[in-house]
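Please open the model in your viewer and keep the sequence panel visible. The tour below proceeds by selection, and each stop states what is to be found there.

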Amino acid sequence: MTTLNFEVVILNLLRKIEYLLVFLLGGSVYMLLEISWRSYTHWSMGICGGICFLGIYIFQEKKPNCHFLLKCLFGSLFITSNEFITGFIVNILLGWNVWDYSRLPLNLLGQICLIYSLLWFLLSYPAFKIASLIKSNIFSYGKLIE
């Protein structure tokens with residue numbers, strides 16, 4: 001194996017570890033937010049939250065100069081979409097009744113609603129800032145690539 005190939009293998013391994021850690025952080029924070037909001041959570045929210053923060057992290061990585069309002073719009077749509085998919089699986093298909101927004105206005109099948117989408121829009125701003133800080137201060141591979 002040449003030195004260049006070895007460096008590529010190491011960088012690919014580091015990237016996978018990076019994404020795993022970002023996923024775990026996102027899932028943990030998502031569950032903590034939910035506990036602080038409604039006093040309980042479900043393990044499926046950890047998976048959903050991990051996917052959501054990883055999506056925000058990768059978007060920040062690929063489009064760091066994108067306007068913050070577009071980032072927040074992406075974050076809100078991405079999180080809401082993932083909540084709908086998670087809710088459809090765990091609540092409708094599996095019948096676990098993890099949450100039910102059917103009493104809230106402008107809901108879709110009781111799984112998502114406009115008010116929480118707007119909340120995710122607002123929370124996306126600090127999420128993108130945190131993603132940027134993590135990338136620049138913890139997972140910066142510049143010295144490895146030079």
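**The whole chain**

Begin with the complete chain: of its contacts with a separation of 6 or more, 61% are between residues 24 or more positions apart, where contact means heavy atoms within 4.5 Å. The model is predicted, so that local features need pLDDT of at least 70 and side-chain atom pairs count only at pLDDT 80 or more, while totals for chains, interfaces and linings use all residues. Residues are numbered from 1 along each chain as its sequence is written, and side-chain values use heavy atoms, with hydrogens and water left out.

Colour by secondary structure next. The chain has five helices and two strands, in the order α-α-α-β-β-α-α from the N terminus. Helices (H or I, at least four residues) and strands (E, at least two) are DSSP runs, numbered from the N terminus. The C-alpha trace spans about 60 × 35 × 25 Å along its principal axes. Of the 146 residues in the chain, 36% are buried; buried means under 20% relative accessible area, exposed over 50%, and partly exposed in between, with a 1.4 Å probe and protein chains only.

**Helix H1 and the loop after it**

Select helix H1, residues 3–38, and show the side chain of Val 29. Val 29 is partly exposed, at a relative accessible area of 41%. Its C-alpha lies 8.3 Å from that of Gly 46, although the two are 17 residues apart in sequence.

Move on to Glu 34, also in H1. Is Glu 34 buried or exposed? Glu 34 counts as buried, at 12% relative accessibility. Leaving aside residues up to four places away in sequence, Glu 34 touches Ser 39, Tyr 40, Thr 41, His 42 and Met 45.

Ser 39, one of these partners, is in the loop between H1 and H2. Its phi is near 75 degrees, a positive value in a residue other than glycine. Ser 39 counts as exposed, with 63% relative accessibility.

**H2 against H3**

Display H2 (residues 43–62) together with H3 (residues 68–93). Their axes come within 10 Å and cross at roughly 155 degrees; axes are lines fitted to C-alpha atoms, for helices over the stretch in contact, and angles run from 0 to 180 degrees between N-to-C directions. H2 and H3 are therefore roughly antiparallel to each other. Angles under 35 degrees count as roughly parallel, over 145 as roughly antiparallel, 65 to 115 as roughly perpendicular and the rest as oblique.

To view the contact, select residues including Cys 48, Ile 51, Cys 52 and Phe 59 in H2, and Phe 74, Phe 78, Ile 79 and Val 90 in H3. The residues of this contact divide into ten nonpolar, six polar and two charged. In this classification Ala, Val, Leu, Ile, Met, Phe, Trp, Tyr, Cys and Pro count as nonpolar, Asp, Glu, Lys and Arg as charged, and the others, Gly among them, as polar.

**H3 against H4**

Keep H3 and add H4, residues 114–137. The axes of H3 and H4 come within 7 Å and cross at roughly 120 degrees, and the two helices are therefore oblique to each other. By class, their contact has ten nonpolar, five polar and two charged residues.

Centre the view on Ser 76 in H3. Ser 76 is buried, with a relative accessible area of 7%. Which residues does Ser 76 touch, not counting those up to four places away in sequence? They are Ser 117, Trp 120, Phe 121 and Ser 124. A polar atom of the Ser 76 side chain lies 2.7 Å from the backbone oxygen of Ser 117.

**H2 against H4**

Hide H3 and restore H2. H2 and H4 pack at an angle of about 65 degrees, with their axes 9 Å apart. That makes H2 roughly perpendicular to H4. Among the residues that meet here are Phe 53, Ile 56 and Tyr 57 in H2, and Ala 127, Phe 128 and Ile 130 in H4. The contact comprises nine nonpolar, two polar and two charged residues.

**Final stop: Leu 106**

Finish at Leu 106, in the loop between H3 and strand S1 (107–108). Phi of Leu 106 is near 55 degrees, again a positive value in a residue other than glycine. Leu 106 is exposed, with a relative accessible area of 65%.

Conventions. Polar contact = N/O pair within 3.5 Å; in protein donor to acceptor, adjacent residues only side chain to side chain.
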